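Please walk through this structure with the sequence and the model side by side, beginning with a single residue and moving outward from there.

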Amino acid sequence: MMRWRPCSGTATLGSPPSTWPITLCLVHPHKMAQLLQNCCGKNTMNSIKVEARRAVAVIRPFSCLALSSDKRMVVVKSGKESIDICRVINGMWQMSGGWGSIDNDDAVDAMLRHADAGLATFDMADIYGPSEDLYGIFISRVRRERPPEVLDQVRGLTKWVSPPVKMTRSFVENNINKCVQEKNGCCFLGYAAVSLIKTVALTNFDTERLAKILENGIPVVSNQVQHSMVDMRPQQKMAELCRLTGVQLITYGTVMGGLLSEKFLDTNLTIPFAGPPLNTPSLQKYKRMVDAWGGWSLFQTLKKVAAKHMVSIPTVAVRYILDQPAVAGSMVGVRLGLAEHIQDTNAIFSISLDMEDVASILEVSNKGKDLMRLIGDCGDEYRRA
């Protein structure tokens, strides 16, 4: 995941300043240790000792989490480098197709509305359709149409999804340069050359492989993993390693593609055609996860908690995960120009779940099947596919 922070100086998209904090997020655990060794070299920190098999570590924390006074922003650090992001991140997987036809102008208009509402961190990938290009257009419009303080809040997170081949420095740099040439609106990626990468983040690494990365002295800022009320696997092993090392979690699938919402509240999806259609890739994906977990009993409990706080079910679902150990932020998918939930999303920052709420949620979630046993650790569903 390359992470960058646009500056409000004189730089243009064609010549971004080298001072942008960039984080390279890597996606294929089987090959990425090799890439990190070849491109980043051995880290100078010498106090790392990890026993990967048991995911037990004795590590001087090199990364930490701090909250802003309004608890909206979080600062994730790795050594002397840091980046602050909104704790609720606009996920742009929906730009990759399958969620409806996207109009570019409408999508960028929607991005501006999110930024105006304080939701100014966007998550993209090179495989998420035109997401990076839209972000480039969005940044240009922010510079022209918004005051500098809005630009200063904007953060972009993107991923390079590499093929499963031997990783070398030249392979990485050539692919990034190719990305720059092909994506004219995303020229900021040109400054993601390995020599300028300041921090490293990961996606879908399991606990064992994350421990191995740390054992090799690579200062990882965060790991992006699937995490929801249904999928609590990150809390079984990963969170403890994060506690010991300071690595933070960025979660996705937190509202399960919209399944954890009023729309599906009284629906029995085990009966074909009995409820709303599962007509998006995310709904289909997370329906399989719910089936593996054990059913829909969680929904009525969420309805009660949401009614108590006068918010929506997705608001409760995200707040609950943000309150979990090691979680720095959670992604909420955005169908830019097609649907909008800005008010519900902002409500996440205004509610606080009390002990009664947490106990009622735990009572139901603990009745579900053990996904760690059924599927494996974080990301194993992809490695076994």
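In this predicted model, Ser131 is a residue of helix H3, and because its relative accessibility is 0%, where buried means under 20%, Ser131 counts as buried. Leaving aside residues up to four places away in sequence, Ser131 touches Met92, Met95, Met124 and Ala125.

The helix that holds Ser131 also packs against another helix. Two packed helices are described by the angle between their axes and by the distance between those axes. For helix H2, which covers residues 104-116, and helix H3, which covers residues 131-145, the angle is about 55 degrees and the axes are 10 Å apart, which means that H2 is oblique to H3. The crossing of H2 and H3 is right-handed. On the H2 side, the contact is made by Asn104, Ala107, Val108, Asp109, Met111, Leu112 and Ala115, while H3 contributes Leu134, Tyr135, Ile137, Phe138, Arg141, Val142 and Glu145. Sorted by character, the residues of this contact of H2 with H3 comprise ten nonpolar, one polar and three charged.

From this pair of helices one can turn to the nonpolar cores. The largest nonpolar core has 69 residues, and those with the most contacts inside it are Val88, Leu210, Val220, Met256 and Val316. Helix H10, residues 313-322, supplies the largest share of this core, with seven residues. Separate from it is a second core of 21 residues, which includes Val108, Val142, Leu151 and Leu336; among these, Val108 of H2 and Val142 of H3 also take part in the contact between the two helices.

Technical notes:
Residues numbered from 1 in each chain as written. Predicted model: local features only at pLDDT ≥ 70, side-chain atom pairs only at ≥ 80, totals over all residues. Heavy atoms only, no water. Axes fitted to C-alpha atoms, helices over the stretch in contact; angles between N-to-C directions. Helix = DSSP H or I, 4+ residues; strand = E, 2+ residues; numbered from the N terminus. Parallel < 35°, antiparallel > 145°, perpendicular 65-115°, else oblique. Left-handed = near helix turned anticlockwise from the far one by under 90°. Contact = heavy atoms within 4.5 Å. Nonpolar A, V, L, I, M, F, W, Y, C, P; charged D, E, K, R; others polar. Core = buried A, V, L, I, M, F, W, Y, C linked by side-chain atoms within 4.5 Å. Buried < 20%, exposed > 50% of the residue type's maximum accessible area, 1.4 Å probe, protein only.
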